[in-house]
Amino acid sequence: MKIIILGAGQVGRSVATNLAGESNDITLVDVDGKQLKDIGDRLDIRTIEGSGAHPDVLARAGGEEADMLIAVTRSDEVNIVACQVAYSLFSTPTKVARIRSSAYISHPELFSDKLFPIDMLISPEELVTNSIKRLIENPGSLQVLDFAEGKVQLVAVKAYHDGLLVGHQLRELPQRIPGVKTRVAAIFRKNKPIFPQGDTVIEVDDEVFFTAPQEDIPKMMRQLRSLDKPYKRIMLGGGGSVGHRLAKVLERNYQVKVIEANPSRAKYLSESLNKGLVLVGDIINEELLVDEGIEDIDVFCALTNDDAVNILAAMLAKRLGAKKVMSLINRGVYADLVESGTVDIAISPHQATIGILLAQIRRGDVVAAHSLRHGAVEAFEAVAHGDKSSSKVVGRSIEEIKLPSGTTIGAVVRGDEVLIAHHDTVIESGDHVILFLVDKRRISEVERLFQVGFGFL
């Protein structure tokens, strides 16, 4: 696809890196020429200096031929105007805009062809908030992703020595947890993928990805580790956009404390929250954390705009007794480093954003996509169409489908019914198929499986 990306900040750079790696024709636009040169030296992409909201800049960027415009500058207004220009002057088919302000997001009626012609709104802050909320709701999980409108979830969890499945073959799953619909989609052992087979044995510290209906997730997790007690006490380090959103969502069901360094921002937060307690202070102040009972905190989330501060705060909180610590990380290289040490979970807003965009650029009818393990792995939901003569999947059992190496079908959703994939499961037209790929280089092969032939069209 020919894709124009507006904004060379953290989100724009991350999106450009991921999409360029999949043989897309990428043009990156920004007002900062030095930043563009640095990125252009590393990636095989075009760069254009200028404001993405200006018609002449979009024209130089190839607006007339673009299949997609992704506006992720720091300004909501620039992103909105750029989409309007792309629609009015170039009839760009797909227009995506990053919108940060809740004042815009709370009025979705604004975003239509008659007003602001934007096909998809992206709020990294909202995506991160939802991601952390799901992790807190599922104690012990490393990642929780929704598919088929929440009917199926893909969960990552580390297998502990006290797990009932540890040391047992996967084929024993039905006997050990009867009545639970689940399938192990992938296992990572010492950061290397293992394709799950019936005789695969789960070992201590394996990172296990499994699919299951939402109601069966706790039962499956109990088999991989002793089920963590529900979280009650949450401490948020940083009361910015993410911290504020998260506090508002969590205060209904949890005891929430927010530490914010800026007094005026802290005052705003205290007036905005109903139950949450807001404290003015530095999140890497050991005395403050101890005084506020860090040793009794179930989850500490470091959510400032500074990666280094977040990492240090999470490490300090863990050392002082917090049971689980999470850190908001913008740089991918930091995320890999911290998760191998003291920090339990690194949260990347860019990976969450990329997942949303992947669903837009995938060929075939792809309705959801998620980037996992910091971009190395992908899980997505594709809808099967056609019949046996026009489709490579419809009317065929899973064992008959020629899946690329390292690809697993985890579940099939047929209407309201969730079918956990087995070798003899037959795909029907209209089925939502949940796939897991440990080798993103094979993504085009999977896409072709879900494209119907001309005879069907």
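Two strands pair if DSSP finds at least two bridges between them, and I keep that in view for the sheet below.

**Before starting.** The model is predicted, so I note that local features need pLDDT of at least 70 and side-chain atom pairs pLDDT 80 or more, whereas totals for chains, interfaces and linings use all residues. Residues are numbered from 1 along each chain as its sequence is written, and side-chain values use heavy atoms, without hydrogens or water.

**Entry 1, the sheet.** I looked up an open sheet of 5 strands (DSSP runs of E, at least two residues, numbered from the N terminus, as helices are from H or I runs of at least four). The strands of this sheet follow the order S7-S8-S11-S9-S10, and their pairing is antiparallel. I then asked which strands stand at the edges. They are strand S7 (141-147) and strand S10 (192-194), each of which pairs on one side only. Turning to the partner of S7, I found that S7 and strand S8, residues 152-158, run antiparallel to each other and are joined by 6 bridges. For a single example I took Ser-141, whose bridge partner in S8 is Val-157.

**Entry 2, a salt bridge inside one helix.** I found 20 salt bridges in the structure (a side-chain nitrogen of Lys or Arg within 4 Å of a carboxyl oxygen of Asp or Glu). I began with Asp-38 and Lys-34, whose side chains meet at 3.6 Å, N to O. Both residues belong to helix H2 (residues 33-42), where they are 4 residues apart, about one turn of the helix. I also checked their accessibility (buried is under 20% relative accessible area, exposed over 50%, partly exposed in between; 1.4 Å probe, protein chains only). Asp-38 is partly exposed because its relative accessible area is 41%, whereas Lys-34, with 63%, is exposed.

**Entry 3, a salt bridge between a helix and a strand.** Next I looked at Glu-125, which forms a salt bridge with Arg-98, and I wrote down 3.6 Å between the closest N and O atoms. Glu-125 sits in helix H6 and Arg-98 in strand S5 (residues 94-98), so this pair ties together parts of the chain that are 27 residues apart in sequence. Are the two residues buried or exposed? Glu-125 has a relative accessible area of 6% and is therefore buried, and Arg-98, at 11%, is buried too.

**Entry 4, a salt bridge between two helices.** I went on to Glu-286 and Arg-319, a salt bridge in which the closest N and O atoms are again 3.6 Å apart. The pair links distant parts of the chain, for Glu-286 is in helix H11 (residues 286-291) and Arg-319 in helix H12 (residues 307-319), 33 residues apart. Glu-286 counts as partly exposed because its relative accessibility is 38%, while Arg-319, with a relative accessible area of 58%, is exposed. Returning to the earlier pair, I saw that salt bridges with shared partners join Arg-98, Arg-100 and Glu-125 into one network.

**Entry 5, one serine.** Last, I looked up Ser-264, which I located in helix H10 (residues 263-272). Ser-264 counts as exposed because its relative accessibility is 55%. I also compared its position with that of Gly-321: the two residues are 57 apart in sequence, and their C-alpha atoms are 30 Å apart in space.
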